[in-house]
Amino acid sequence: MDLDTLISKFQKKDVAAFEQLHSMYAENILGVINNIVQNPERSEEICQDVFVKIWNNANGFNPSKGRFFTWLLNIARNAAIDELRSKSHKNWKKNLSTNYFVGNLEAHDDMDSKIDIIGLRKLLKGLKEKCTELIELLYFKGFTQKEVAEQLNIPIGTVKTRNRSCISQIRENMKI
Amino acid sequence: MDVEKYIASGILEQYVAGTLSEEENLEVQHYAIEHQEIQHEIESIEKAVLEVTRAASPGLMPKSFEALRNELNEVIPFEPNIKRKSAAWTNYLGWAASLLFALGLLWLYLENDQLKSKIEVVTEEKTSVEKQILDIRNEMTHTEDLLNQLRDQNVDVVALGGQTASPKAYAKAYWNKKAKKVFIDAQGLPEPPPGFNYQVWSLKLDPLTPTSIGLLENFVLNENKVFELENPNESQAFGITLEPEGGSESPTLEQLYTLGATGP
């Protein structure tokens, strides 16, 4: 079954289709949420809530507005950022933009974490810090191009081209 | 368009990140449909992002979807329908109640109307019965009055026998000499033919002198057939003849119906 059919069934409240979509994307959504919330247990709860929200709002997805995964990412990020806001009222934005998690893997070596550090290292092999930071801000934290440009202190045009080159590097690493 | 250059611009990576405007999104989709390479490139970019985000996951709990399924069951199954149903049910209840109420009112109205007309009928009947009672009482009073007059001690009773014109006919005269009145009981006379009246005569014999004392008017309508007439004469006999309407100067003896002499 192709993705479009699956999504269309899910939108008609087909639980089996929803289960399949869950198995395709739940780990990714959890990864994104935990990257922001940095609390695996709480992240799992939020991830659960996100999927309930997705199910109840299935018709909120409009293919003309982008990819299904992009829609999921957006909902997950918003839920995670809401959590962050409720935990630390004043500093949430600062925390969000300065805590690099994916790009600072060494810092988590000592954690009793189930995160696939080896996998991540393999994917991010050879990527410069500026690359991993950009990936994290754009895909995990949902920053706009303008926000990324301001955060990394680079022109907007550079955000585009650097994004392209960083993703290409990851794609190369995936082939190894 | 230059597909290579479009891909190299980095717009597809932004598309997957969701940072493009609505117009840019539509443009990307349009080109993706037109050019297979663009569609493949989008999918490859998404795959890379999926890999990285998946690797960043702290690991879902086992049977994560089963927990989710329970929540879906809580949220979804027919709850809105049940609510809608119960709402509809109460709506119908309201309508049914008002319909019943309206029917009740209509019934009461009709019942009341029927009772009113029954009362009217009964009132009419009552009036009619009252009138009948009044009539009967009047009649009785009249009859009593008549009877009293006939029983008066001054009354002589004269039997008038049938004559040649009508042998079966008979009548009685109750003559109160003092009151100068005579009551003719004409029960035994046949109904006079149209255009004729019975005329009552007071007779003196030697020589035979008839004096008219009156007509038995409205013979048919007089129910007890007792007629009251003035009689100032010293009568020796009474006779009744059938005369043309309005009466005659002298009796038509061929039409003498009854005759009877007074006194001993």
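Where in chain B is the place of B:Ser248? This is a predicted model, so every value I give is computed from it. The residue sits in the loop between β7 (237-244) and β8 (256-261) of chain B. B:Ser248 is partly exposed, because its relative accessible area is 23% and the partly exposed class starts at 20%.

What does B:Ser248 touch, not counting residues up to four places away in sequence? The list is B:Gln199, B:Trp201 and B:Glu243. With B:Glu243 there is also a polar contact between the two side chains, at 2.7 Å. For a distance along the backbone, take B:Leu215, which is 33 residues away from B:Ser248 along the chain. The C-alpha atoms of those two are separated by 9.9 Å.

Now to chain A. Its secondary structure comes to 9 helices and 0 strands, and read along the sequence the pattern is α-α-α-α-α-α-α-α-α. Chain A has 176 residues, and 51% of them are buried. If you take contacts in this chain between residues at least 6 apart in sequence, 59% join residues at least 24 apart. The exposed area of chain A is about 8,800 Å², with carbon and sulfur atoms supplying 48% of that.

I will spend some time on helix α9 of chain A, residues 156-175. This helix has 20 residues. From first C-alpha to last, α9 reaches 30 Å, close to the 28 Å expected at 1.5 Å a residue.

Which residues of α9(A) are buried? They are A:Val159, A:Arg162, A:Asn163, A:Arg164, A:Cys166, A:Ile167, A:Ile170 and A:Asn173. The buried residues of this helix pack against elements of both chains. On the chain A side these are α6 (117-123), α7 (129-140) and α8 (145-152). On the chain B side they are α1 (3-8), α2 (11-17) and α4 (36-55).

Take A:Asn173 as one example from that list. This asparagine is found in helix α9 of chain A and counts as buried because its relative accessibility is 4%. Leaving aside neighbours within four places in sequence, A:Asn173 is in contact with A:Lys122, A:Leu123, A:Leu124, A:Lys125 and A:Leu127.

Next, charges. Side chains of opposite charge can pair when their charged atoms come close. Over all chains, the count comes to 16 salt bridges. I will go through three of them.

The first I want to show is A:Arg164 with B:Glu41, where the closest N and O atoms are 2.7 Å apart. A:Arg164 lies in helix α9 of chain A and B:Glu41 in helix α4 of chain B, so this pair joins two chains. Are these two residues buried or exposed? A:Arg164 counts as buried because its relative accessibility is 17%. B:Glu41 also counts as buried, at 11%. This pair belongs to a network of salt bridges that links A:Arg164, A:Arg171, B:Glu13 and B:Glu41.

Another salt bridge stays within α9. A:Glu172 pairs with A:Lys175, with the closest N and O atoms 3.3 Å apart. Both residues lie in helix α9 of chain A, 3 residues apart, which is about one turn of the helix. A:Glu172 is partly exposed, with a relative accessible area of 44%, while A:Lys175 counts as exposed at 67%.

The last pair is in chain B: B:Asp156 and B:Lys177, with the closest N and O atoms 3.4 Å apart. B:Asp156 lies in strand β1 (residues 155-162) and B:Lys177 in the loop between β2 (171-176) and β3 (181-185), so the pair ties together parts that are 21 residues apart in sequence. B:Asp156 counts as partly exposed at 30% relative accessibility. B:Lys177 counts as partly exposed as well, at 46%.

One item remains, on the surface of chain B. Which residues make the nonpolar surface patch of about 650 Å²? They are B:Leu99, B:Leu100, B:Leu103, B:Leu106, B:Tyr109 and B:Leu110. One of them, B:Leu100, lies in helix α6 (residues 79-151) of chain B. Why does B:Leu100 count as exposed? Its relative accessibility is 60%, and exposed means over 50%.

Key. Residues are numbered from 1 along each chain as its sequence is written. Chains are lettered from A and ligands numbered from 1 in the order in which they are written. This is a predicted model: local features need pLDDT of at least 70, side-chain atom pairs count only at pLDDT 80 or more; totals for chains, interfaces and linings use all residues. Side-chain values use heavy atoms; hydrogens and water are left out. The expected span of a helix is 1.5 Å times one less than its number of residues. Buried means under 20% relative accessible area, exposed over 50%, partly exposed in between (1.4 Å probe, protein chains only). Contact means heavy atoms within 4.5 Å. Patches are made of residues with over 30% relative accessible area and no salt bridge: like charges are joined within 9 Å, nonpolar side chains (Val, Leu, Ile, Met, Phe, Trp, Tyr) within 5 Å. Accessible areas come from the Shrake-Rupley method with a 1.4 Å probe; for residues, only the protein chains shown count as cover. A salt bridge is a side-chain nitrogen of Lys or Arg within 4 Å of a carboxyl oxygen of Asp or Glu. A polar contact is a pair of N or O atoms within 3.5 Å; within protein, one must be able to donate a hydrogen and the other to accept it, and residues adjacent in sequence count only if both atoms are side-chain atoms.
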